[in-house]
Amino acid sequence: MKPQDIIAGKSSLWIFGYGSLVWKPDFKFKRSKVGYINGYKRRFWHGDNFHRGDDEMPGRVVTLIEKDDACTWGVAFEVTGSQVEESLKYLNVREAVRGGYLTRVVEFFPQGTNQSPVQALVYIATPDNPIYLGPASTEKIAAQIAVCKGKSGPNIEYLLRLAEFMRVSCPDVEDSHLFSIEAAVLATIRPVLLAG
């Protein structure tokens, strides 16, 4: 599905972020809400050879994997008026061109009571993508994240900011994949920090 098809005739659009968008959207928006989508789990299975790695050492960033009984927490941003076209143009480069992500429409459930769900656009990397890395052990993913760096900074920053978002914005939600990788990365770098 192309973003142009999604926005046809719409004056507003919700965009769901579950990775770096939760702390660094880099586009103008009317408002944002923390919440979740059902049917997907967040996994560090996608390669990044631009923002958090390079061609020789791609970093690992998150994508969504379909799983019926799963849910993924993040932030949805409402864009309106000229923000719709501007944000989609920016995200097309950031997520699709540089990241290889595809777009889908999902139902987003805002955190809290008396909140109605909304349709939201989400970017997802699939195994068809040439830089998709797929599953690996927690230790292998952590080792890769600990050493990779791209134009937007170290891969470890991406991991730690995402974990911080979850602890601060969704303190009652357990994301065992994310937190186990965070613990493994910190265990890997702790001896280096103590030696310095």
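This passage walks through a predicted model of a protein, from its overall build down to single residues.

The protein has five helices and seven strands. Followed along the sequence, these elements come in the pattern α-β-β-β-α-β-β-α-β-β-α-α. The radius of gyration is 17 Å, close to the 16 Å that the globule rule gives for 196 residues, so the protein is as compact as a globular protein of that length. Along the principal axes, the C-alpha atoms fill a box of roughly 55 × 35 × 30 Å. The accessible surface adds up to about 10,100 Å², and carbon and sulfur atoms account for 51% of that surface. Of the 196 residues, 47% are buried. Contacts reach well along the chain, too: among those between residues at least 6 apart in sequence, 75% join residues at least 24 apart.

Next comes the sheet. Five strands close into a barrel, in the order E1-E3-E2-E4-E5, with mixed pairing. On average, neighbouring strands of this sheet are turned by 45° against each other, direction ignored. Two helices pack on the sheet. Helix H3 touches E2 and strand E3 (59-80), and the direction of H3 makes about 40° with that of E3. Helix H4, residues 155-169, also touches E2 and E3, but its direction makes about 80° with that of E3.

Strand E2 is worth following through its pairings. E2 and E3 run antiparallel and are joined by 15 bridges. Within this pair, Arg 43 stands opposite Thr 63 in E3. Strand E2 (residues 31-48) also runs antiparallel to strand E4 (residues 102-110), and here three bridges make the join. Two residues of this second pairing can be picked out: Tyr 36 stands opposite Phe 109 in E4, while Ile 37 stands opposite Phe 108 in E4. In a regular strand, side chains alternate between the two faces of the sheet.

Then there is the inside of the protein. The largest nonpolar core has 50 residues, and those with the most contacts inside it are Phe 44, Ile 145 and Leu 178. Strand E3 gives the most to this core, contributing nine residues. Leaving out residues up to four places away in sequence, Leu 178 touches Phe 44, along with Leu 159, Leu 162, Ala 163 and Met 166.

Ile 181 sits in helix H5, which covers residues 176-195. With a relative accessible area of 0%, Ile 181 is buried, since anything under 20% counts as such. Residues up to four places away in sequence aside, Ile 181 touches Phe 44, Thr 138, Ile 141, Ala 142, Ile 145 and Leu 159. Phe 44 and Leu 159 thus turn up among the contacts of both Leu 178 and Ile 181. Ile 181 and Glu 157 are 24 residues apart in sequence, and their C-alpha atoms are 13 Å apart in space.

The loops bring a few residues of their own. Thr 126 is in the loop between strand E5 (118-124) and helix H3 (138-147). Although it belongs to a loop, Thr 126 counts as buried, because its relative accessibility of 12% falls under the 20% cut-off. Beyond its neighbours within four places in sequence, Thr 126 is in contact with Leu 102, Arg 104 and Tyr 132.

Two other loop residues share a backbone feature. Phi of Asp 26 is near 60°, a positive value in a residue other than glycine. Asp 26 is placed in the loop between strand E1 (12-17) and E2. Its relative accessible area is 45%, so Asp 26 is partly exposed, lying between the 20% and 50% limits. Asn 114 has a phi near 60° as well, again a positive value outside glycine. The loop that holds Asn 114 is the one between E4 and E5. Asn 114 counts as exposed because its relative accessibility, 80%, is over 50%.

Notes. Residues numbered from 1 in each chain as written. Predicted model: local features only at pLDDT ≥ 70, side-chain atom pairs only at ≥ 80, totals over all residues. Heavy atoms only, no water. Helix = DSSP H or I, 4+ residues; strand = E, 2+ residues; numbered from the N terminus. Buried < 20%, exposed > 50% of the residue type's maximum accessible area, 1.4 Å probe, protein only. Contact = heavy atoms within 4.5 Å. Pairing = 2+ DSSP bridges. Axes fitted to C-alpha atoms, helices over the stretch in contact; angles between N-to-C directions. Core = buried A, V, L, I, M, F, W, Y, C linked by side-chain atoms within 4.5 Å. Rg over C-alpha atoms; globule rule 2.2 N^0.38 Å. Areas by Shrake-Rupley, 256 points an atom, 1.4 Å probe, with all protein chains shown as cover.
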